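Q: Please take a close look at one part of this model, the stretch around its last strand and the loop that follows, and set that part against the fold as a whole.

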Amino acid sequence: MSQLYRKDIISALDFTREIMDSLFQEADNIRRELKDRKFLDYCRDKVMVTVFLEPSTRTRLSFHFAMIRLGGHVVDFGLEQAASIAKGESFEDTIKMVDGYNPDIIVLRHREPGSAAKAAEISSAPIINAGDGWNEHPTQALLDLYTIKRELGKIDGVVIGIMGDLKYGRTPSSLSYALSKYRDVKIFYIAPKELQVRREVIERIEGLVEWSMVERVEEVIEELDILYVTRLQRERFSNPAEYERLRGSYIITSSLLMKFKKIPLIMHPLPRVDELSKDVDVLPTARYFTQAENGVYIRAALVKNILGV
Ligand code: NCD
């Protein structure tokens, strides 16, 4: 039985290298099986509920597609405004109620850091954290590493620049934790001082990866295998003037990249706003849309392991 059987997925720190490597393998297998058949039947008697109480496009859709491709069923909670939360229902009651319908798995996104862990205490169905505020987004880290593995053939020894809003972003923290399970990884955190990576992230990776902080991408770009760009997390700024001031403080364009001898793989969790110009899309190392596609296979592999099918 998989080590993930009936486990909650709350933090990328919970993954071991062994678990991640086996998920990458399983994702490749599922991808292969889906070449011949549109739907598989691993999950034909299983139900997933997706509860997204913050906006989402890719994460929600890719969980839906993953479950449907596995032959399972999906019930979506719908918009917060349309649910009883709008009438004042508490988070605890909402989770208790959803769990009471007896789903096999609950995928949760919520604006509060720690909400997924809280839901896991309440729910008997396994919880997958699909983003808890600025804290973590562990399945995004899985698809990021899966993409790196497919594109570079390895994760050990990679040099990656993680750029953008590292203070409020949850993908940089989960990505850092997942990378810390591999050997000889080097991370450059590239951001204006105000948006540099949170201290708790550094505390958790200290001694496991080599890291440093820089302000400008130009300082390190030629050393990088991967440049992972993220957007300013506008919704998490308490001061709109601060957002406006920092907006546009970093922008990756094709003409900037073309100045350098070596152009790294360009990744981005998406959505992009101002920080990654559309003219980068035609460069041969742009990988963000591939990354999003990979999300379906790796999430299918994860769900299959949690459900033990
Ligand atoms: C990310 C998220 O929700 O944290 N999006 C995603 O899941 N692909 C990144 C973001 O919103 O900036």
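A: The answer below starts from the chosen stretch and then widens to the aromatic pairs and the whole chain.

This is a predicted model, in which local features need pLDDT of at least 70 and side-chain atom pairs count only at pLDDT 80 or more, while totals for chains, interfaces and linings use all residues. Residues are numbered from 1 along each chain as its sequence is written, and side-chain values use heavy atoms, with hydrogens and water left out.

Leu265 is found in strand β9, where helices (H or I, at least four residues) and strands (E, at least two) are DSSP runs numbered from the N terminus. With a relative accessible area of 8%, Leu265 is buried; buried means under 20% relative accessible area, exposed over 50%, and partly exposed in between, for a 1.4 Å probe and protein chains only. Leaving aside residues up to four places away in sequence, Leu265 touches Glu151, Leu152, Asp225, Ile226, Leu227, Thr285 and Arg287, a contact being heavy atoms within 4.5 Å. By comparison, Arg245 is 20 residues from Leu265 along the chain, and the C-alpha atoms of these two residues are separated by 29 Å.

Leu270 lies in the loop between β9 and α10, and although Leu270 is not a glycine, it has a positive phi of about 65 degrees. Leu270 is buried, at a relative accessible area of 11%. The peptide bond that runs from Leu270 to Pro271 is cis, with omega near 5 degrees, and Pro271 is placed in the loop between β9 (265-267) and α10 (288-307). A positive phi also occurs at Arg6, where the angle is near 60 degrees in a residue other than glycine; Arg6 sits in the segment before α1 and is partly exposed, with a relative accessible area of 45%.

Turning to the aromatic side chains, a search of the whole structure finds 4 aromatic pairs, where rings of Phe, Tyr and Trp (its six-membered ring) pair if their centres lie within 6.5 Å, and planes under 30 degrees apart count as stacked, over 60 as edge-to-face and the rest as tilted. One of them is the stacked pair of Phe24 and Tyr146, with 5.8 Å centre to centre and 20 degrees between the planes. This pair links distant parts of the chain, since Phe24 belongs to helix α1 (residues 17-36) and Tyr146 to helix α5 (residues 138-152), 122 residues apart. Phe24 and Tyr146 are both buried. Tyr168 and Phe237 form a tilted pair, at 4.9 Å centre to centre and 55 degrees between the planes. Here Tyr168 comes from the loop between β5 (159-163) and α6 (171-179), and Phe237 from the loop between β8 (226-229) and α8 (240-246), 69 residues apart. Tyr168 and Phe237 are both buried, and ring pairs link Tyr168, Phe237 and Tyr243 into a cluster.

For the fold as a whole, the protein has 10 helices and 9 strands. Its radius of gyration is 19 Å, close to the 19 Å that the globule rule gives for 309 residues, so the protein is as compact as a globular protein of that length; the radius is taken over C-alpha atoms, and the rule is 2.2 Å times the number of residues to the power 0.38. Buried residues make up 55% of the 309 residues, and among contacts between residues at least 6 apart in sequence, 73% join residues at least 24 apart.
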